[in-house]
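Student: I have a model open on my screen and I'd like to learn how to read it. Can you walk me through it?

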Amino acid sequence: MEWIQQLVNGISLGSIYALIALGYTMVYGIIKLLNFAHGEVFMIGAFTGFYGITFLNLSFIPALILAMVVCSILGMLIERVAYRRLRRSTRIAALITAIGVSLFIQYVMIYFRGATPEAYPDIVPRQNIEFLGIKFNSQALFILLITIILMILLQYIVHRTKMGKAMRAVSLDMDAARLMGINVDNTISATFAIGSALAGAAGVIFGMYYTSIDPLMGLLPGIKAFVAAVLGGIGIIPGAMVGGFILGIVETGVSALGYSNWRDAAAFIILILILIFRPSGIFGKNTREKV
Amino acid sequence: MKTSGLKPLLQVNQLGIQFGGLKAVSEFNLQINKGELIGLIGPNGAGKTTVFNMLTGVYEPTEGDILFEGKKIHGLPPYKITRRGISRTFQNIRLFAELSVLDNVRIGYHTIAKNSLLSSIFRLPAHFSNEKEMRDKAIEFLKIFNLEHLKDETAKNLPYGMQRRLEIARALAAGPKLLLLDEPAAGMNPKETAELMDLIAFIREEFDLTILLIEHDMKLVMGICERISVLDHGLLIAEGSPEEIRNHPKVIEAYLGEEVGENHA
Amino acid sequence: MKTMKISRFWIFFITVLIVYGIGEFLIATGRIDSFYENLMITIAINIILAVSLHLVIGITGQLSIGHAGFFAIGAYFAAIFTMNMGLPFPVALILAGIVSAIAGFIVGMPSLRLRGDYLAIATLGFAEIIRIIFLNWEYVGGASGMTVTKMTTWQYSFIFLLITIIVIANFTNSRHGRACISIREDEIAADSMGINTTYYKVLAFVIGSLFAGIAGGLYSHNFYFLQPVNFGVLKSFDILIYVVLGGLGSMSGAIISATLLTLVSTYFQNFPEIRMVLYSLVLIIIMLYRPQGLMGSKEITDLFRRKKSVKGGPHYENIGT
């Protein structure tokens, strides 16, 4: 029954990727920008949660909410200061700006607190729960629970609220949406806020689960979350969730088979296979250029 | 016209293509003999450009076959079809926008020049002789198209009508036997259209060309085409001389509500 | 026409002689110490990297952001050739370039079918895979790295820099280079002009990888120690930034920005945090206020000529809208 435990571990890791991937995919869906700074928002979320728990003595849920609020503000700020001016600019200028923002956040963080890792306090009890003869890690189940709640919340926002409708409209056709009276700037801000809040939540969850955080922690999970987004079909919200879970399970599987040094390569091999054989992702539709 | 006893230059049999479940074009037949000037007309969305895209390899047809000089060309990538001798212009002008007028035409010469990669990297004599030849030929072409004085201008800065002319010049530089023109007069005023008609007639003589053109401007089509094919909803509904087409009941029906001779911009 | 071509050649030739002469003089007479010689070598390496990526992004318009992968392959294979096989350094450099070019072919064939952001992320993925392979390859020391004898000199760096610039400039200003530029401008139109777009995209990528590999060989023999950690995503970004800040489509822009950024980062190397904060700020500000980069798409020689030769930079489709 070892493999079921591994599967649960994989799903917990996958939840983290999925939460980050959601922000990536939402931002890409709406302004076609590869937001490299998204991984840094995740890192800030982890640190906000950490400071909330150690200095403000918050329990887990308030710390999670604090991180989400701080990150959504940060996300909107990044969009307002750096990306909004680039909306009519070239893709590569936007990409370089995103890389710039990402480096900026990393090194401002290092400048103020150094590069040393921080040990995350054990705030959610880590115990094994036995069920039908299988041992489950309580934290893994807790992570899964929180992720599912957040995803249901997101689905509700996107499909049941006016803001969600505006987001979908803007991502389909920005100019038409503007002509229909939708405030495009606010809608994009909201997209960044929601996406960043999810990344912030992922940061706190990551800290709790892996217990060590540092200012450069966002780079790799950020890129891998993008892989998850591409895997599911970029711009498609359920795609990001499924992509995240698949990636988490595959990575855990590769480690469990004893190839943990190759774990990071697995994500990129998946990426390349999907790009070559089905570039629009699992849920995406193939589009062809009009001639 | 030298038609009898000769193999057609282009023979299209039962050509069809599906996008997803949608049949964009089906059972399309066309025969073009060397030296002819043929028009392909039809209402918007009839599938005319799709036919062009299949003939040039941009889309791979799902049914039927295309024979050029008696050889199959369907399934070949566009660059190979161009090398066989079919080149084209685009409905929504696709010039190399940031390049000079001269460079646009020189790129058309790419396949004719034969110097190797190494001759260019090591600047061997072959490189210089080829470069000089390409440049001279390109300038010759620009003279024909009355664009020579603009050779250093960036293509995107040219007025619309000139961009259309430049696109034809570029297509000709690739040395086609069959030239496909996709709405060459679109967006032109009547004076420019008249000049374009003269130009098409001239290059046809000068370069011994066979031309297939899509056009919305009925005056142009009726004025210069020898034969016309009419496409509607992906199906060929009529074929014949301009006179026959003008009075064909199916054509009139297809254009019902759309006055024949209307100029679509 | 002819006279202009010749005079351009001589200007280039004389510039080269002067740069080389100054370098040689300063080192031979002991006026500069090894710190500055190292700096000159590092600048040369970074220029080679920038110019080779410029061919892929600026000329052919293919957004590759994993150049450090080929840099790593060159670095490791050159070291294997000299340290483990005892080949002479220049031979090892060229062989390392060839290995890297082959890797470029293997990576380029599947991924160059992709466009824009998808290509970007695929190349980034390949670069990471390459790094992870070296990380796990015990023959080259894995994560702990391998020791390499210092063999790179200012002369070697300069000669290979010169070869890179000449080859890529000659390539660009030929029908082959124009074929690449036409792909950048409009791939479908290029295809319809009889240009084998796959061939030219892969060719540009392979040439770019070749020189990145040579740069890697120079790099690994300039220090005593070689580790996978030096070839991560950040190195790829560094190279990308040289090209974009210099101005897409401008080779002189790439050269100037690689030089300036290497100088700046060397002078700030004792304050790494401040350096990176400033670096990223400058990057953001330049992209916001001068997104076409330092030189736009012009070459430095254009500034001295009355009539500009129109080359134009790539116009990647806009984001948003």
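Tutor: Happy to. Start with strand pairing: two strands pair if DSSP finds at least two bridges between them. Helices (H or I, at least four residues) and strands (E, at least two) are DSSP runs, numbered from the N terminus. In chain B, strand β1 (residues 10–19) and strand β4 (residues 63–68) pair in the antiparallel sense over five bridges. Look for B:Gly16, whose bridge partner in β4(B) is B:Glu63.

Student: Before we go on, what should I know about the model and its labels?

Tutor: This is a predicted model, where local features need pLDDT of at least 70 and side-chain atom pairs count only at pLDDT 80 or more, while totals for chains, interfaces and linings use all residues; side-chain values use heavy atoms, leaving out hydrogens and water. Residues are numbered from 1 along each chain as its sequence is written, and chains are lettered from A and ligands numbered from 1 in the order in which they are written.

Student: Which strands sit at the edges of the sheet that runs β2-β1-β4-β5 in chain B?

Tutor: An open sheet has edge strands, and here they are β2 (22–32) and β5 (71–72) of chain B, each pairing on one side only. The sheet has four strands and antiparallel pairing.

Student: And what is the strand order in the six-strand sheet of chain B?

Tutor: The order is β6-β7-β8-β3-β9-β10, an open sheet with mixed pairing. Its edge strands are β6 (86–88) and β10 (235–240) of chain B. From one strand to the next, the twist averages 20°. For a parallel pair, take β3 (residues 37–41) and β8 (residues 210–214) of chain B, joined over four bridges; B:Gly39 has B:Leu213 as its bridge partner in β8(B).

Student: How do I read a helix lying on a sheet?

Tutor: Check contact, meaning heavy atoms within 4.5 Å, and then the angle. Axes are lines fitted to C-alpha atoms, for helices over the stretch in contact, and angles run from 0 to 180 degrees between N-to-C directions. Helix α7 (residues 190–206) of chain B lies across β3, β7 and β8 of chain B at about 155° to β8(B). Helix α1 of chain B lies across β1, β2 and β4 of chain B, at about 115° to β1(B).

Student: Now the interfaces. How much area is buried between chain A and chain C?

Tutor: Buried area is the accessible area (1.4 Å probe) that two parts lose on being put together, summed over both. For chain A and chain C that is about 4,700 Å², with carbon and sulfur atoms giving 78%. A:Arg91, A:Ile92 and A:Ile96 lose the most area on the chain A side, together 15% of what that side buries. In all, 50 residues of chain A contact 46 residues of chain C.

Student: Which side chains form the salt bridge there?

Tutor: A salt bridge is a side-chain nitrogen of Lys or Arg within 4 Å of a carboxyl oxygen of Asp or Glu. The count between chain A and chain C is one, and C:Asp117 meets A:Arg91 at 3.4 Å, N to O.

Student: What about chain B and chain C: how much area do they bury?

Tutor: About 3,100 Å², 60% of it on carbon and sulfur atoms. The contact takes 37 residues from chain B and 34 from chain C. There are two salt bridges between these chains; among them, C:Asp186 pairs with B:Arg94, the closest N and O atoms being 2.8 Å apart.
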